Amino acid sequence: MAALERIHAPSQAEFDAAVERRAPFVITGVVDRWRAMSWTKESLKDAVRGRMLVPEVHPEGDYFDTWNRYGFPLAREVEGARLLDLIDAPEGRERFYLSGGLAGLAPSLADDVAIPDFAIRHDGRTNRVGKTMFYGRDTASPLHFHPVTHVTLAQLVGTKTVRLYRPGITDAFYCRSVFETFNHHSKIDFNDLAKYPKFAGVAPDHEHELRPGELLYFPVQWWHVVFSHGLSVAVHLSWLADRRFWHFPSPGRRTAIAKSSLFHGAVRPASYVLTLLAHGRLVDDLSLMLRRSRRAKRAASA
Ligand SMILES: O=C(O)CCC(=O)C(=O)O
């Protein structure tokens, strides 16, 4: 397996040239200048104290199981400082993973992440670059790809193992249906790979141990699965990729369909309800309501 290319403090021209090679690479000498590198659990707790945040909730403590059971992670409002404590020292089986726009989660910290000029000016345009924060302990993010964006992931605290696979949807990736909300995700449970025999012959193109101070560039539509070890804080920066970076036929064609306005306007809401039904949540809720009303009627007539 090839080690990733490493580039130190790239100029605009060096960054643009590296992206044109259409393979992931690691950037050093950028994140270590951010104020965010001095974040600690205590400073983060102060920044989110009193704010109601909405983390991913994994009731059984198994990230892949939640995704496969419901089609997406569950969510609940939790006060910020308590949430960071719960992430670090869980009570019971339930696990939380906080991810979301940095300015929304912790507005006082948003400027601690300095978006590099090479991202803003990439591809000869002025890009709107989003900042997403990830805070979790021993997390797993299922195998997925970014359908339309260039992404760089900056590790601030802890380490992550990232496995990357070149683009293309085949049966081996057990991709979710185009009708699902997370249609760019795979169903593969990495804790139970025996259930996914077609994936057995698929080796990652790269596996990288992401360390504090590194910035990992994910080309648009490359598959990746991410595991964090211990407490992990990371920020990802993303901006829209020109279509010339998409991979055709797959997943470019499917992405074009999934992002089309017809799909969003008419097909998607219907497919969303079907997805919920297929995953049993609505079925469970409706049958519970029916059982309750039958019981109430029986009790009233007795
Ligand atoms: O760090 C993670 O858990 C997920 C990161 C990721 O997949 C991303 O930045 O796209």
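**Leu143, helix 4 and the ligand shell**

Leaving aside residues up to four places away in sequence, Leu143 touches Ser186, Ile188, Trp223 and Val225. This description rests on a predicted model. Leu143 belongs to strand 9, which spans residues 140-144. The residue counts as buried because 24 C-beta neighbours lie inside 10 Å, where 20 or more are required. Leu143 can also be placed relative to Leu164: the two are 21 residues apart in sequence, and their C-alpha atoms are 9.0 Å apart in space.

Turning to the ligand, the surrounding residues are Phe134, Thr139, Ser141, Val151, Leu153, Lys160, His224, Val226, Ala234 and His236. By character, this shell is made up of 5 nonpolar residues, 4 polar residues and 1 charged residue. Strand 10 (149-165) and strand 13 (223-240) each contribute at least two residues to the shell. Of the contributors, strand 13 gives the most, with 4 residues.

Helix 4 offers another view of how the chain packs. Within this helix, which covers residues 80-88, the buried positions include Gly80, Leu83, Leu84 and Ile87. These residues lie on the same side of helix 4, because they cover an arc of only 95° around the axis. The elements that cover the buried residues of helix 4 include helix 2 (41-48) and four strands, namely strand 3 (52-53), strand 6 (78-79), strand 7 (95-101) and strand 8 (130-137).

How values were computed
Residues are numbered from 1 along each chain as its sequence is written. This is a predicted model: local features need pLDDT of at least 70, side-chain atom pairs count only at pLDDT 80 or more; totals for chains, interfaces and linings use all residues. A residue is near a molecule or strand if its C-beta atom, placed from the backbone, lies within 6 Å of it. Ala, Val, Leu, Ile, Met, Phe, Trp, Tyr, Cys and Pro count as nonpolar, Asp, Glu, Lys and Arg as charged, and the others, Gly among them, as polar. A residue is buried if 20 or more other C-beta atoms lie within 10 Å of its own, exposed if 12 or fewer, and partly exposed in between; C-beta atoms are placed from the backbone. The arc is that of the directions from the helix axis to the C-beta atoms. Two residues are in contact if their C-beta atoms, placed from the backbone, lie within 7 Å.
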